[in-house]
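Let's take a walk through this one together. Keep the viewer open and follow along as the text moves from the whole chain to single side chains.

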Amino acid sequence: MVSALNRGTYFGDYMNVREELFKLQDLKYKQFHSKIVPNIGPERIIGVRIPELRKFGKSLTDDDFAWDYYEEVMLHGFYIGYAKLDFEHRLILLNEFVPCIDNWAVCDCVCSTLKFIKKYKADFFEYLKKYMYSDKEYEMRFAIVCLMDYYIDDDYVNLVLDYLKCIKSDYYYVNMAVAWALSVVFVKYESKAMPLLESSVLTAEIHNMTISKIRDSLRVDRETKEYLKALKK
């Protein structure tokens with residue numbers, strides 16, 4: 001159901017969410033974005049740029065509106081991250097939201113918005129486990145990207161590596177997320193990540209993706225990049 005919501009000063013007093021999204025539509029951006037988010041058809045994309053969606057998300061006072069368009073789903077995720085909610089309420093909303101993720105863009109943009117995780121790291125790590133060990137592509141990617149965004153630190157890096165190195169998946173967007181996360185670990189904790197790349201622990205796809213991601217980094221020196229190149233399978 002689409003409801004009239006109070007949006008504060010940015011969007012005026014009350015309006016229909018979908019109508020407001022179409023007012024922000026950029027058709028050239030829609031055409032571009034439809035090409036890089038292949039899992040959903042262009043008929044589900046309105047064409048609103050992420051900064052505009054974030055402004056909209058910050059102004060929401062509830063999320064009682066439809067889930068049909070890509071941007072609407074994104075707004076639900078932004079609401080969970082931006083709204084003034086208690087921890088338990090956020091988890092209830094995530095229980096509904098995460099199974100609805102069907103593309104990398106919603107997953108990654110929303111994960112980066114869930115800053116509340118920093119205050120509840122131990123509890124949220126336990127919550128993530130049901131997605132870490134899911135058999136669904138975007139539930140797994142959600143877990144991996146959250147781990148990458150909030151848990152690559154002295155307290156959790158070993159736990160993160162123990163999980164990532166065991167993933168054997170046929171899902172492209174899972175494997176790419178693992179490689180991305182491992183590249184971040186490598187930049188921050190090279191001595192912990194390098195042994196994985198010098199061994200046969202990772203699948204060939206993840207192994208090679210990880211090396212490619214690391215070699216793209218400006219924070220890794222040329223000598224290390226050349227060494228890693230020689231480790232490709």
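What follows goes from overall shape to the aromatic residues, then to the nonpolar core, and ends with a few pairs of residues.

First things first: this is a predicted model. The average pLDDT for the protein is 93, and 94% of the residues reach at least 70. The place to be wary of is residues 1-14, where pLDDT stays under 50. The model still has 43 contacts beyond four places in sequence for that stretch, so to speak with a low-confidence label attached.

Now zoom out. The protein has 14 helices and two strands. Its radius of gyration comes to 19 Å, close to the 17 Å that the globule rule gives for 233 residues, so the protein is as compact as a globular protein of that length. If you'd like box dimensions, the C-alpha trace spans about 60 × 40 × 30 Å along its principal axes. Of the 233 residues, 52% count as buried. As for how the chain meets itself, take the contacts with a separation of 6 or more: 65% of them are between residues 24 or more positions apart.

Next, the aromatics. A search of the whole structure turns up 16 aromatic pairs. One to look at is F87 with Y120: the ring centres sit 4.4 Å apart and the planes are at 15°, under the 30 degrees cut-off, so this pair is stacked. What does the pair tie together? F87 belongs to helix 6 (residues 87-97), while Y120 is in the loop between helix 7 (104-111) and helix 8 (121-132), so the stack links parts that are 33 residues apart in sequence. The two partners differ in how much surface they show: F87 is buried at 7% relative accessibility, whereas Y120 is partly exposed at 29%.

Compare that with F116 and F124. Their ring centres are 5.8 Å apart and their planes stand at 90°, so here the geometry is edge-to-face. F116 is buried, with a relative accessible area of 7%, and F124 is buried too, at 0%. Both pairs feed into one aromatic cluster, made up of F87, F116, Y120, F124, Y127, Y131 and F142. There's also a charge over a ring to check: K121 lies over the face of Y151, at 5.4 Å from the ring centre.

Some of these names come back when you look at the nonpolar core. The largest one has 83 residues, and those touching the most other members are L94, L114, F124, L128, F142 and Y151. Which helix gives the most to this core? That would be helix 9 (residues 137-150), with ten residues. L94 is a handy residue to centre your view on. Setting aside neighbours within four places in sequence, L94 is in contact with I80, P99, L114, F116, F124, Y127, Y131 and F142. Several members of the aromatic cluster are on that list, including F116, F124 and Y127.

To finish, try a few spots elsewhere along the chain. I40 is in the loop between helix 3 (27-36) and helix 4 (50-59). Is I40 buried or exposed? I40 is buried, because its relative accessible area is 4%. Beyond four places in sequence, I40 is in contact with I45, Y70, D102 and N103. Y70 is 30 residues away from I40 along the chain, with 8.1 Å between the two C-alpha atoms.

L27 gives you another case to inspect. This residue is in helix 3, and L27 counts as exposed at 58% relative accessibility. From L27 to R54 the sequence separation is 27 residues, and the C-alpha to C-alpha distance is 19 Å. K115, for its part, sits in the loop between helix 7 and helix 8 and counts as partly exposed, at 47%. K115 and M148 are 33 residues apart in sequence, and 13 Å apart in space from C-alpha to C-alpha.

Key: Residues are numbered from 1 along each chain as its sequence is written. This is a predicted model: local features need pLDDT of at least 70, side-chain atom pairs count only at pLDDT 80 or more; totals for chains, interfaces and linings use all residues. Side-chain values use heavy atoms; hydrogens and water are left out. Rings of Phe, Tyr and Trp (its six-membered ring) pair if their centres lie within 6.5 Å; planes under 30 degrees apart count as stacked, over 60 as edge-to-face and the rest as tilted. Helices (H or I, at least four residues) and strands (E, at least two) are DSSP runs, numbered from the N terminus. Buried means under 20% relative accessible area, exposed over 50%, partly exposed in between (1.4 Å probe, protein chains only). A charge sits over a ring if NZ of Lys or CZ of Arg is within 6 Å of the ring centre and within 35 degrees of the ring normal. A nonpolar core is a set of buried Ala, Val, Leu, Ile, Met, Phe, Trp, Tyr and Cys residues joined through side-chain atoms within 4.5 Å. Contact means heavy atoms within 4.5 Å. pLDDT is the predictor's confidence in each residue, from 0 to 100. The radius of gyration is taken over C-alpha atoms; the globule rule is 2.2 Å times the number of residues to the power 0.38.
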